[in-house]
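Here's a quick briefing to read alongside the structure. Take it one topic at a time and find each residue as you go.

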Amino acid sequence: MADDNSGNPQSHGFAEKLKSWLSWSWTYVCAVWFAMVLTMVYVLRSPLKLQESVTAASMFLNTLTPKFYVALTGTSSLISGLILIFEWWYFRKYGTSFIEQVSVSHLRPLLGGVENNSSAGLFSSANGEVEQRPSVSECKVWRNPLNLFRGAEYSRYTWVTGKEPLTYYDMNLSAQDHQTFFTSDTQQLKPEDSVMQKAWRERNPQARIRAAYQAIELNHECAAAYVLLAEEEATTIIEAERLFKQALKFAGKDTNLLVYIKRRLAMCARKLGRIKEAVKMMRDLMKEFPLLGMLNIHENLLEALLELQAYADVQAVLAKYDDISLPKSATICYTSALLKARAVSDKFSPEAASRRGLSTAEMNAVEAIHRAVEFNPHVPKYLLEMKSLILPPEHILKRGDSEAVAYAFFHLQHWKRAEGALNLLHCTWEGTFRIIPYPLEKGHLFYPYPGCTETADRELLPSFHEVSVYPKKELPFFILFTAGLCSFTAMLAMLTHQFPDLMGVFVKAFFSTLFAPLGFFADKMENFMPSCLWYQLTRI
């Protein structure tokens, strides 16, 4: 058995080498075959009566009127234009060319193409074997720790603009979260719990609210029902806070309910301007439930402390959570950059820095900005107001556009408050991309940038928002090609319609010039080879 196992890698390696060699030689084999076909056609031109066929075709083409060529070029322009429109729509929707995707997915395997592994060599073990890049956490969707209230905030946006700020995918994730978070630990669900389980799954907001009232009728101490009403029926933060306080009375010892309700009460206090009270509630919550760090309550605390301008307390929180062993977020990285930028930004001048060089403190601030931009390169455009903000989604993708929207929505005011911080960011953030010229293959301080963020962000963010894509994608070749073909054939159709005689002369001159080298080559071949040899070859 051991011999068999040891022999398998050798045979597998030989098969891979053979496949690689065949793929490499395929191009040359095709070229040789094409050359042989051309040679045979030329040799057999007399038996096949190619000269007579070409003469007959030329006579037929000469009898065609200019209207035919106008129709031909016009039809070609129309078809290529339709292909261009479809390619552009597909690229805008899915971020890739349809023709290119079909070619890579279906035609390339038939031609023996091997998929390039650009990340090979970046993660290798001691014995040289390539390890799989971490991919599970890259595209994991997280609950937005600062998500807004549906009734008091998201619904108001819909009433004013008529647009839905949340996607169905995002709301479905929230329904799954609520079902998991508020499921009773007991084996047998109570009647009101069963009603609430169905309520979270309802697509219609009014149906969810009716189910919550039904659960309260079954048990007026159903805390989950009051949570739903606070989230979705309350049209003001004050009303939502009242309902959350009522839910807190009936939460009992259910840890999940207690954490959720207390956190939302702290967020209500923050939104109502009672910031010190909100900070105290968040600190107490973190002390009471220290093992629930995955809920990212510290991000709520950081935002409230920045509003208080308690920068020493912010630094203390960062010292605990900005650790190499803990997962990062845009809030952690950009808040760290803000604190370092704030220390030097009021006196920073790009002209003075170019003359005298950067000081140690300025260098630390620039490095912190580069670190933050590498983690999430979408944030600076929102902070610098180069892109318009929308309401943040209820779920975010770390390092994605959804996280950038959520961060900038709450933290833009803190960057504006620090004098010169946005100017320093504006002068230095693009320098990050010189450090990581190939972000999808190799990172500097973090893993290579995941390639799945665009697809996930398109699911999380509303359709009216233009999703930020990194790295910036070039227009696919086939879109440029079809655009050029459409323009060229349309121009030919117009010129042929306006100047038929002149275009006929031009076309004849063009084709005679195009085929002149081929005729010259054929004459030279006939003069070089003996006539008897050609005669014998034609008789075979």
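Let's begin inside the protein: Arg143, Asn147, Leu148, Arg150, Ser174, His178, Trp200, Glu231, Glu232, Tyr260, Arg264 and Glu394 line the second largest cavity. Keep in mind that this is a predicted model. Two names from that lining, Arg150 and Glu232, come back later, when we get to salt bridges.

**The second largest cavity**

- This cavity has a volume of about 60 Å³.
- Sort its lining by class and you get six charged residues, three polar ones and three nonpolar ones.
- Three helices, α6 (168–181), α9 (223–232) and α11 (255–271), each put at least two residues into this lining.

**The largest cavity**

- Rolling a probe the size of a water molecule over the atoms shows where empty space is left.
- The count here is four cavities of 30 Å³ or more, and the largest cavity holds about 80 Å³ of space.
- Around the largest cavity you'll find Asn144, Pro145, Leu146, Glu299, Ser329, Ala330, Thr331, Ile396, Glu403, Ala406 and Tyr407.
- The elements that give two or more residues to this lining are α15 (330–342) and α19 (401–417).
- Which element gives the most to the lining of the largest cavity? That's α19, with three residues.
- By class, the lining of the largest cavity has six nonpolar, three polar and two charged residues.

**Salt bridges: Glu232 and Arg150**

- Side chains of opposite charge can pair when their charged atoms come close.
- In this model, the count comes to 17 salt bridges.
- One of them joins the side chains of Glu232 and Arg150, at 3.2 Å from N to O.
- This pair links distant parts of the chain: Glu232 sits in helix α9 and Arg150 in helix α5 (residues 150–161), 82 residues apart.
- Are Glu232 and Arg150 buried or exposed? Both are buried.
- The pair also belongs to something wider, since Arg150, Arg208, Glu232 and Glu394 are linked in a network of salt bridges.

**Salt bridges: two more pairs to look up**

- Glu385 and Lys416 meet through their side chains in a salt bridge of 3.5 Å, N to O.
- Glu385 lies in the loop between α18 (379–383) and β2 (395–397) and Lys416 lies in helix α19, so this pair ties together parts that are 31 residues apart in sequence.
- Glu385 counts as exposed because its relative accessibility is 53%, while Lys416, with a relative accessible area of 46%, is partly exposed.
- Glu454 and Arg458 form another salt bridge, at 2.5 Å from N to O.
- Why are Glu454 and Arg458 separated by about one helical turn? Because they are four residues apart in helix α22 (residues 453–460).
- Glu454 counts as buried at 10% relative accessibility, whereas Arg458 counts as partly exposed at 30%.

**A nonpolar patch on the surface**

- Now move to the outside: Phe506, Val507, Phe510, Phe511, Leu514, Phe515, Leu518 and Phe521 form a nonpolar patch on the surface.
- Together, these residues have about 830 Å² of accessible area.
- Pick out Phe510 as an example: you'll find it in helix α24 (residues 500–528).
- Phe510 has a relative accessible area of 45%, so it's partly exposed.

Notes: Residues are numbered from 1 along each chain as its sequence is written. This is a predicted model: local features need pLDDT of at least 70, side-chain atom pairs count only at pLDDT 80 or more; totals for chains, interfaces and linings use all residues. Side-chain values use heavy atoms; hydrogens and water are left out. On a 1 Å grid over the protein atoms alone, a cavity is a set of points where a 1.4 Å probe fits but cannot get out, and a pocket is an open set with protein on both sides within 12 Å along at least five of seven lines; lining residues have an atom within 4 Å of a point. Grid points are joined across faces, edges and corners, and a volume is the space filled by probe spheres set on the points. Ala, Val, Leu, Ile, Met, Phe, Trp, Tyr, Cys and Pro count as nonpolar, Asp, Glu, Lys and Arg as charged, and the others, Gly among them, as polar. Patches are made of residues with over 30% relative accessible area and no salt bridge: like charges are joined within 9 Å, nonpolar side chains (Val, Leu, Ile, Met, Phe, Trp, Tyr) within 5 Å. Accessible areas come from the Shrake-Rupley method with a 1.4 Å probe; for residues, only the protein chains shown count as cover. A salt bridge is a side-chain nitrogen of Lys or Arg within 4 Å of a carboxyl oxygen of Asp or Glu. Buried means under 20% relative accessible area, exposed over 50%, partly exposed in between (1.4 Å probe, protein chains only).
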